Amino acid sequence: LTFPLLSVTLLVSFGSSMLYGYNLAVVNSPAVHIKAFYNATWSQRYGHGLAPGSLTLLYSLTVSIFALGGLVGSLLVGVLVERYGRNGTLSRSALFVILAGGFMGFSRELGSPEMVIIGRSITGLHSGRCCLGSGALHSPFLTARSPTAHLQGAEADFILPAATGSVGVIFICLGIFFAQVLGLPELLGEDRFWPLFLSVVVIPASLQLLLLHCFPESPRYLLIEKNDVCGATKALRRFLGTRDVQDVIEEMKEEQRSLSSVEMVSVWQLLWDRSVRWQTLSVVVVNAGMQLSGIDAIWFYTNTIFENAGIPVSQIPYATVGTGTIEVVAGLIGCFTIEKLGRRPLIITGFCAMGICLAGITVSLLLQTTLPWMRYVSVACVVGIIAGFCMGPAGIPFLMTAELFTQSHRPAAYIVGGALNWLCNFTIGFIFPFLQMSSGAFCYLIFCGICLLVALYVYLIIPETKNK
């Protein structure tokens with residue numbers, strides 16, 4: 001990797017994937033303080049506080065509205081990239097994050113819970129555009145395609161091993177970890193700091209906005225979308241560190257010619273195309289299963305889960321940081337083993353591990369009254385769920401979506417997978433508190449069943465796609 005290529009990849013991941021991870025976990029630590037603010041504001045406006053059910057509903061909306069924004073952003077990313085390019089889309093998205101940080105940062109001063117909800121939805125819009133959009137915008141210069149991807153119509157500029165495609169997953173893990181660290185009582189975990197805690201997102205967004213202009217636009221966008229051969233040549237020379245880039249230019253021109261002869265199918269056509277029925281069903285199962293596995297509940301409500309498990313309140317923030325550390329390590333392991341082990345072993349093992357650990361949480365919660373040490377089993381199971389997810393299901397579904405389809409069907413498949421991701425993310429974030437109140441410890445068995453069924457489906461149906 002040349003220095004410019006590595007730099008722009010890290011910069012884009014820092015300002016998009018890491019922000020996505022941060023926003024997943026940032027609402028966990030200050031949940032009590034945000035609820036107290038909502039209750040106090042409601043009391044000032046109407047003379048009475050919120051009922052427990054209404055307060056839970058409002059806070060669940062605050063958590064899950066992030067995913068609805070992400071859904072809208074993921075559907076818009078293709079149009080925005082075509083109009084503004086990747087650098088232009090990232091820059092405009094960074095401006096949105098700065099606006100969202102202002103909404104959340106001044107919400108308490110202005111006594112407006114609505115500003116928190118609006119800010120969360122805008123950060124979701126950014127993540128949908130830049131992290132989990134159909135164009136995989138968070139890593140525009142590195143791709144997780146196989147070496148023959150240019151024959152299928154590559155969506156990135158340089159074809160590198162699949163491990164490099166895990167850079168985004170690692171930065172998501174880092175974002176979650178930073179949110180957990182900043183949520184410690186010694187840092188921003190106190191009541192007076194929660195608006196600042198939510199608005200920290202403006203720092204990476206501002207850095208990305210300032211530094212992104214130091215790098216040229218995506219060479220592939222310049223040549224294929226804008227037919228700017230001169231601009232693409234200059235960008236390639238900058239990224240590759242050599243003046244002889246004619247071979248790469250010729251490959252891109254060949255791709256441009258091949259794309260012009262390919263008729264892209266719509267989402268509706270994809271869903272009704274019997275020739276790709278099993279591929280489409282596999283995208284639906286794996287992408288929906290990734291979010292319905294319960295991982296979003298773990299990220300959004302870690303402190304609540306530990307509190308119900310009987311962990312002392314003073315120890316919960318540090319236990320949460322410990323899970324974040326394991327998460328980063330597991331992400332690194334998945335990154336460096338995906339090429340050796342392949343897709344199927346990692347995703348099957350990951351879902352199975354998550355299912356076993358989810359069942360373990362149920363057992364530990366049921367036995368904690370008679371066996372106090374079972375609370376630590378709950379912590380171990382949460383760690384196991386996160387580790388299992390980061391080693392396999394975290395990034396492989398996006399990779400498999402690309403590898404299961406040819407170029408004509410791939411954009412529509414990305415839209416289906418991305419939309420399901422965000423819809424299921426919203427569903428879990430919204431209903432989990434109510435599910436926990438109604439079902440208690442048994443709510444985790446629902447996620448357990450989903451994980452094991454997805455693992456069984458992958459084992460029986462989906463072939464290994466590495467180097468295929």
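This is a short tutorial dialogue on reading a predicted model.

Student: Where do I begin? Into which domains is the chain divided?

Tutor: Begin with the domain bounds. The chain is divided into domain 1 (1–146 + 153–215) and domain 2 (268–467). Keep in mind that this model is predicted.

Student: How many residues of domain 1 are in contact with domain 2?

Tutor: For an interface, look at contacts, then at area, then at charges. Here 47 residues of domain 1 are in contact with 44 residues of domain 2. The centres of domain 1 and domain 2, taken over C-alpha atoms, are 20 Å apart. Between them, domain 1 and domain 2 bury about 3900 Å². Carbon and sulfur atoms account for 72% of that area.

Student: How many salt bridges does the rule find across the interface of domain 1 and domain 2?

Tutor: The rule finds 0 salt bridges across that interface.

Student: Now the interior. Which residues touch the most other members in the largest nonpolar core?

Tutor: The general idea comes before the case. In soluble globular proteins, nonpolar side chains tend to be buried together. In this model the largest nonpolar core has 91 residues. Y38, I347, I385, F389, F432 and Y444 touch the most other members. Helix 4 (residues 52–105) gives the largest share of this core, 10 residues. Domain 1 (1–146 + 153–215) and domain 2 (268–467) each supply at least three residues to this core.

Student: Take one member. What does I385 touch?

Tutor: Leave out residues up to four places away in sequence. Then I385 touches I295, I298, M354, C357, L358 and I361. Apart from the largest core lies another core, of 19 residues. L222, I224, F239 and I249 are among its members.

Student: Next, the rings. How many aromatic pairs does the count come to?

Tutor: A pair of aromatic rings is described by the distance of the centres and the angle of the planes. In this model the count comes to 13 aromatic pairs. Y20 and W422 form one of them, and that pair is edge-to-face. Their centres are 5.8 Å apart, with 85° between the planes. Y20 sits in helix 2 (residues 17–25) and W422 in helix 21 (residues 410–439). The pair links distant parts of the chain, 402 residues apart.

Student: Are Y20 and W422 buried or exposed?

Tutor: Y20 is buried, and W422 is buried too. Y20 and W422 also form one aromatic cluster with F66.

Student: Show me another pair. Why is the pair of F37 and W194 called tilted?

Tutor: Read the angle. The planes of F37 and W194 stand at 50°, so the pair is tilted. The ring centres are 5.2 Å apart. F37 lies in helix 3 and W194 in helix 8 (residues 194–199), so the pair ties together parts 157 residues apart in sequence. F37 is buried, with a relative accessible area of 8%. W194 counts as buried at 0% relative accessibility.

Student: Why does H33 count as buried?

Tutor: Compare the value with the cut-off. Buried means under 20% relative accessible area. H33 has 19% relative accessibility, so H33 counts as buried. H33 is found in helix 3 (residues 31–46). Leaving out residues up to four places away in sequence, H33 touches G189, E190, D191 and W194.

Student: Last, the charges. How many salt bridges does the count come to?

Tutor: For each salt bridge, read the distance, the place in the chain and the exposure. The count comes to 3 salt bridges. The side chains of E114 and R45 meet in one of them, at 2.8 Å, N to O. E114 lies in helix 5 (residues 113–130) and R45 in helix 3, so the pair ties together parts 69 residues apart in sequence. E114 counts as partly exposed at 37% relative accessibility. R45 counts as partly exposed at 39% relative accessibility.

Student: What does E190 form with R192?

Tutor: E190 forms a salt bridge with R192, and their closest N and O atoms are 3.1 Å apart. E190 counts as partly exposed at 34% relative accessibility. R192 counts as exposed at 55%.

Student: And where do R343 and E403 lie in the chain?

Tutor: R343 forms a salt bridge with E403, with the closest N and O atoms 2.7 Å apart. R343 is in helix 18 (residues 343–367) and E403 in helix 20 (residues 396–403). The pair links distant parts of the chain, 60 residues apart. Both R343 and E403 are buried.

Notes
Residues numbered from 1 in each chain as written. Predicted model: local features only at pLDDT ≥ 70, side-chain atom pairs only at ≥ 80, totals over all residues. Heavy atoms only, no water. Helix = DSSP H or I, 4+ residues; strand = E, 2+ residues; numbered from the N terminus. Buried < 20%, exposed > 50% of the residue type's maximum accessible area, 1.4 Å probe, protein only. Contact = heavy atoms within 4.5 Å. Phe/Tyr/Trp six-rings, centres within 6.5 Å; stacked < 30°, edge-to-face > 60°. Core = buried A, V, L, I, M, F, W, Y, C linked by side-chain atoms within 4.5 Å. Domains from an automatic or database assignment. Salt bridge = Lys/Arg side-chain N within 4 Å of Asp/Glu carboxyl O. Buried area = accessible area lost by both parts, 1.4 Å probe.
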